[in-house]
Structure formats: C-alpha cells, structure tokens
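Let's go through one helix pair and one pocket. Short questions, short answers.

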Amino acid sequence: MRRAVITGIGPIAPVGTGVDAFWQGMLAERSAIGLVGAFDASPFAARCSAEIRDFDPAVFFPPHRLKRLDRYAQFAVASSYLALRDAGLDPSADSPDPRFGVSFGTALGGISHAEAEHARYLKEGPKAVSRALALQVFGGSAHSNIAIEFGLQGPGTTNANSCASGNVALGDALRFIQLGKADAMLAGGAEAPLSPLTFGAFDNIKTMSRFEGDPPCRACRPFDRGRDGFVMGEGAATFVLEELERAKARGARIYAEICGFSLNNEAFHMTSPRPGAGPVTRAMREALDDAHADPGEVDLISAHASSTQLNDSNECEAIRDVFGSGAERIPITGWKAFNGHALGAAGSIEAAIGLLAMERGFLPPTLHLDAPDDGFAGLDFVGNAGRETAPQTFLNNAFGFGGINSCVVFRSI
C-alpha cells in the first residue's frame, strides 16, 4: 500500500498564525486563554475563551472574495495557503489538478455566521440577509472554497465528526493516498464557534469551565484534579499530505509519515464516555496496528485532554490499558491549555504541535498542571515546563460528542 507523508503545515491559532509565529507562541509557554471578548458573556456561567486576535483576512483575500467567505471558511482557506507555502507548492486554479484533493473537518461549520445573519433578519427583514449565506452555512464550504482557490479537482470532502473532525480529515486523506485515489491532499480542520448562541448552548450542558479565578487562563487545566471543563477556542490547521515517492522526487522537506488511523463510536451517550474506556483503548490499539507499530515505539501521546473530569480520567485509563507498565515512560501532553478547545480543529492544531516537536526537538508542556489527579499516579505528564526531546513516533487522540473516538499515528522518516 502506498505511503503518505506530511510536507507542509499551516496553523492559525490563538498563540500565532503561520509555522514560525505558532511555534514561537508555543515556546513562550503562555496560554492564549482569557475572558471572552467576542461578545458579552455576562449571561453565562462560563466566561473564558481562546480567541485569535491578530488574524487579518485582508492579508489573504481581496475584498470581492471576503464577501463570500465567513470566518470559518477564511480560516480554512488561509491555513491551506500557509500549508502549501510551507510545503513549497503553488497550485493554481488556472491549472486544475485532478490528483490533488481536499479532506477537511469541522464540528459546526458556518453556524456562528448564520447566527449573526439571523439577528440581522429579525431586525431588518429577509432582504437584509447576505446573499452569500446559503453558500456559507454548510460545513462543506471549507473544502469547496479550498478546491476552488487552488484548482484541486481530486477527492473533496468535509466531515462533521464533532471534536474528532480534524483527526478524521487526516485519516480520510491518508486513505485516499494509500488507495491511489490521489497523489496529494490538503487535510485539516477549522472552527469559528465564538458567538453567543453557540457558546450558550455548550454552557447550558455544563461542559465548559466555570472558573472565575485569576488569571482567567487557568480555566483550562488538563489532568489537574481541579479541572472543571473545557474552554472554547477557534482556529485551524491544515497539512499537505503527499505520496512518499512524489515528495522524494521533488526534494520536499518531510516532517513525518502519517502511518496509522482509527475511528470508532462508543454507542453509549452523547456527552459522557462509556465507563471502562474500552472503545478508547480499542481506538489507540487499532491505530497502532494500522501503522504496523508496536506500543513500545511510541514516545509521545498527544492526548485529547479536554480538561473535563470524566474524559481526562477515561483517556488515562485507556492509555494504561494500551501501554501497560510502559505507560510510565511515555511523555503525555494536553495542549488545549495553550489554545483552548477549537472543537473540530483541535485535533489538527495539536497534530501540528506534535509534528513541529518532532522536527524541532522540544515538547511544549501541559500548562496549569499543578496537582495531577490522584488517579493518574505514575503517568509521565509533561507538566508546566517544556522538555527537550525529539519524538520519533507519536499518537494523536481526538474524541468528540456522540462517542466518537479517533487516533492518528505519525512516525519520523
């Protein structure tokens, strides 16, 4: 079966946009989480978010294009541009490529933009609603706009597998290349969920942190015994995947091989994990099997680490199930304390961190991990201070509402 490698990374995140700024933001070891600034959050119990404050869409798009792209699609297309530039590729709509495709993921797509347009509708009537709304609200606007922008006529798909979406997009892209359906893919996730209705919906089901202390960034504290929920974020990360021989032939810089993927469902509950961690355990084992990797090879676990009581506990139980006594030697990170939880983009953003850690020999820490949960004793969390080491094989977990579990394995080459 054909092999796929990562040759470009395009992050847009609260800590920074573009590979260099993004990595410098991670090296600073400071959280980008703060009090909600995008809207008035006073009606809600949750008060914190991770917002991107330096993204200027005019840098990427002319005015006529911006009229047709909401923030979600802007993130998707702009991160794809950054990934292509990082890979040294310049595909053009003037020369369409039927062997280059797009696989994307999002939990909510253009819902926040639809919310704003609905408010305008209520205030000013139907004629005030943007003519482009029908083309902006559906999740598939991401991969469609990317394909149009760069002339990519290969496979095109956007999945909506909740917070596992970015991982699933990578897995789908891997399969397209392995099966010979494409020679190259853009794959990743994007999310722009910061609006009152969406924020309030998650607040109502009490999944987000209600931390009121100082500083606000401590609202997200994965694996800490005081964790009380996730912090909503926004952003995107896109990757260029290429068939190995194609990448070698053009002399591409290769970050790593993407070599394993798994996806399953717990068939239990929309928000709570199945007790016993069985499906999460199976997801990690199946991804390792798909990668033809022994558990002993893994030297980094990028955990989903949502900072909720149940999910962090469930994930740690699964890690122990998969790796046994070897779990104590594997560095485990929970990077949402930097960028918040960008829902469908979270898995992609964290994959970007892991790939850069492989290349640059440094593991950013799990911030705000002052008192690990008593039930996690013996696990090797990279807590509060980074660690100089270059992982060779890392496993990226991403789990979503509805019991969706996904896992992607990367290996240096």
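Q: Which residues in H3 meet which residues in H6?
A: This is a predicted model, where local features need pLDDT of at least 70, side-chain atom pairs count only at pLDDT 80 or more, and totals for chains, interfaces and linings use all residues. Residues are numbered from 1 along each chain as its sequence is written, and side-chain values use heavy atoms, with hydrogens and water left out. Contact means heavy atoms within 4.5 Å. From H3 come Tyr72, Ala73, Ala76, Val77, Ser80, Tyr81 and Leu84, and they meet Ser141, Ala142, Asn145, Ile146, Glu149 and Phe150 in H6.

Q: How many residues of each class are in the contact of H3 with H6?
A: Ala, Val, Leu, Ile, Met, Phe, Trp, Tyr, Cys and Pro count as nonpolar, Asp, Glu, Lys and Arg as charged, and the others, Gly among them, as polar. The contact of H3 with H6 has 9 nonpolar, 3 polar and 1 charged residues.

Q: Which residues are the closest to the centre of the largest pocket?
A: A pocket here is an open set of points on a 1 Å grid over the protein atoms alone, where a 1.4 Å probe fits, with protein on both sides within 12 Å along at least five of seven lines. The largest pocket has a volume (space filled by probe spheres set on the points) of about 430 Å³. Its lining counts 32 residues, each with an atom within 4 Å of a point. The closest to the centre are Thr271, Pro273, Thr308, Asn311 and Phe401.

Q: Which element gives the most to the lining of the largest pocket?
A: Helices (H or I, at least four residues) and strands (E, at least two) are DSSP runs, numbered from the N terminus. H11, S14 and S15 each supply at least two lining residues. With 5 residues, the one that gives the most is H11.
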